[in-house]
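Let's take a walk through a protein chain, starting with its overall build and ending with a few odd corners of the backbone. Keep the picture open while you read.

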Amino acid sequence: MSIPAEKIYPRSNDKQTVYLDAVVQNPNISIGAYTMYNDFVNDPTLFEKNNVLYHYPINRDRLKIGKFCSIACGAKFIFTSANHTMRSLSTYPFPLFFEEWDTPVAEVATAWDNKGDIEIGNDVWIGYEAVVLSGVRIGNGAIIGTRAVVTKDVAPYTIVGGVPAKPIRKRFDEDTIERLQALRWWNLPHEQIKKLLPLIKRGDARALTRACGQV
């Protein structure tokens, strides 16, 4: 058993929180099961429009978000097309205005420097109005602080904050992180996760791995 594909709202009488995989339509955005977004300012079903910015098809970059992520109100994902190229002697985006400057339409994407996809792991918590920039990869279990601006990759189970975001501390010791990375509990079947919830909530990684038949 898993979450029904058509289920939008995780909670009855709460229209501020949605399962993102049920509302995002862009084929260049992939969302894992149970990842949710809360918005008390705008309609959360408009996440793709309001929160994924400068994500133009011409660039073919992707937003990939794993399973069981929690994304707070106003978090933004800003893609490459927001940039202006640093290779040129001018930051003015001449290729965008090809009609004005008689430049080839095929050169439009040279107006910016392509930084690549944004990849978010599983069980990641992204705080209120945090910003994640193009090319960034965030590891499993990481926490992004309120209004942080993430310009570089974030290691698994690391808490970051600030502008630009910098590591604050690890969530767990290395043994626990290694166990969670190896176990990947978010990939287990729905019913098995339900049975394991007491161990997950208790924070007992050793007991969790034993319960899953691992050492």
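The chain has five helices and 15 strands. Keep in mind that this is a predicted model. Its C-alpha trace spans about 65 × 40 × 30 Å along the principal axes. Of the 215 residues in the chain, 42% are buried. The exposed area comes to about 12,000 Å², and carbon and sulfur atoms supply 54% of that. Take the contacts between residues at least 6 apart in sequence: 47% of them link residues at least 24 apart.

**The sheets**

A quick bit of background first: strands of a sheet pair through backbone hydrogen bonds, either parallel or antiparallel.

One open sheet has four strands in the order S4-S7-S10-S13, and the pairing is parallel. Its edges are strand S4 (52-53) and strand S13 (149-150), which each pair on one side only. Look inside this sheet and you'll find strand S10 (residues 131-133) paired with S13 in the parallel sense over two bridges. Val132 has Val150 in S13 as its bridge partner.

Another open sheet has seven strands, in the order S1-S3-S6-S9-S12-S14-S15, and here the pairing is mixed. Which strands stand at its edges? They are strand S1 (17-19) and strand S15 (166-170); each has a single partner strand, so one side of each is left without a neighbour in the sheet.

You can see the mix by following S14 to its partners. Strand S12 (residues 143-144) and strand S14 (residues 158-161) run parallel, joined over two bridges, and Ile144 stands opposite Val160 in S14. S14 and S15, on the other hand, pair in the antiparallel sense over four bridges, with Gly161 opposite Lys166 in S15. S15 is also hardly covered: zero of its five residues count as buried.

**What's packed inside**

In soluble globular proteins, nonpolar side chains tend to be buried together. This chain's largest nonpolar core has 31 residues, and the ones touching the most other members are Phe77, Ile120, Ile126, Ile138 and Ile144. Strand S2 (29-31), strand S5 (63-65) and strand S8 (118-120) each supply at least two residues of this core. There is also a second, separate core of 12 residues, which includes Ile177, Leu180, Trp186 and Leu196.

Zoom in on Ile138. What does Ile138 contact once its neighbours within four places in sequence are left aside? The list is Glu119, Ile120, Gly121, Val124, Val132, Ile144 and Val154. You've met some of these already: Val132 is the bridge partner of Val150, and Ile144 is opposite Val160.

**On the outside**

Nonpolar residues show up on the surface too. Tyr92, Phe94, Leu96, Phe97 and Trp101 make a nonpolar surface patch of about 480 Å². Phe94 sits in the loop between strand S7 (76-78) and helix H2 (98-101).

Is Phe94 buried, exposed or partly exposed? With a relative accessibility of 30%, Phe94 counts as partly exposed, because buried means under 20% and exposed means over 50%. The table sets Phe94 beside two other loop residues.

| Residue | Loop | Relative accessible area |
|---|---|---|
| Phe94 | between S7 and H2 | 30% |
| Tyr54 | between S4 and S5 | 41% |
| Asp123 | between S8 and S9 | 22% |

Tyr54 is worth a second look. Leaving aside neighbours within four places in sequence, Tyr54 is in contact with Ile78, Phe79, Ser81 and Ala82. Tyr54 and Ser134 are 80 residues apart in sequence, yet their C-alpha atoms are 9.9 Å apart in space.

**Odd spots in the backbone**

Most residues other than glycine have a negative phi, and most peptide bonds are trans. Now for some exceptions. Tyr34 has a positive phi of about 70° although it is not a glycine; Tyr34 is in the loop between S2 and strand S3 (36-38). Asp123 also has a positive phi, near 60°, and is found in the loop between S8 and strand S9 (125-126).

Finally, go back to the hairpin of S14 and S15. Four residues lie between its strands, and Gly162 takes a positive phi near 100° there. A cis peptide bond joins Val163 and Pro164, with omega about -10°, and Pro164 lies in the loop between S14 and S15.

Methods:
Residues are numbered from 1 along each chain as its sequence is written. Side-chain values use heavy atoms; hydrogens and water are left out. A nonpolar core is a set of buried Ala, Val, Leu, Ile, Met, Phe, Trp, Tyr and Cys residues joined through side-chain atoms within 4.5 Å. Buried means under 20% relative accessible area, exposed over 50%, partly exposed in between (1.4 Å probe, protein chains only). Contact means heavy atoms within 4.5 Å. Patches are made of residues with over 30% relative accessible area and no salt bridge: like charges are joined within 9 Å, nonpolar side chains (Val, Leu, Ile, Met, Phe, Trp, Tyr) within 5 Å. Accessible areas come from the Shrake-Rupley method with a 1.4 Å probe; for residues, only the protein chains shown count as cover. A salt bridge is a side-chain nitrogen of Lys or Arg within 4 Å of a carboxyl oxygen of Asp or Glu. Two strands pair if DSSP finds at least two bridges between them.
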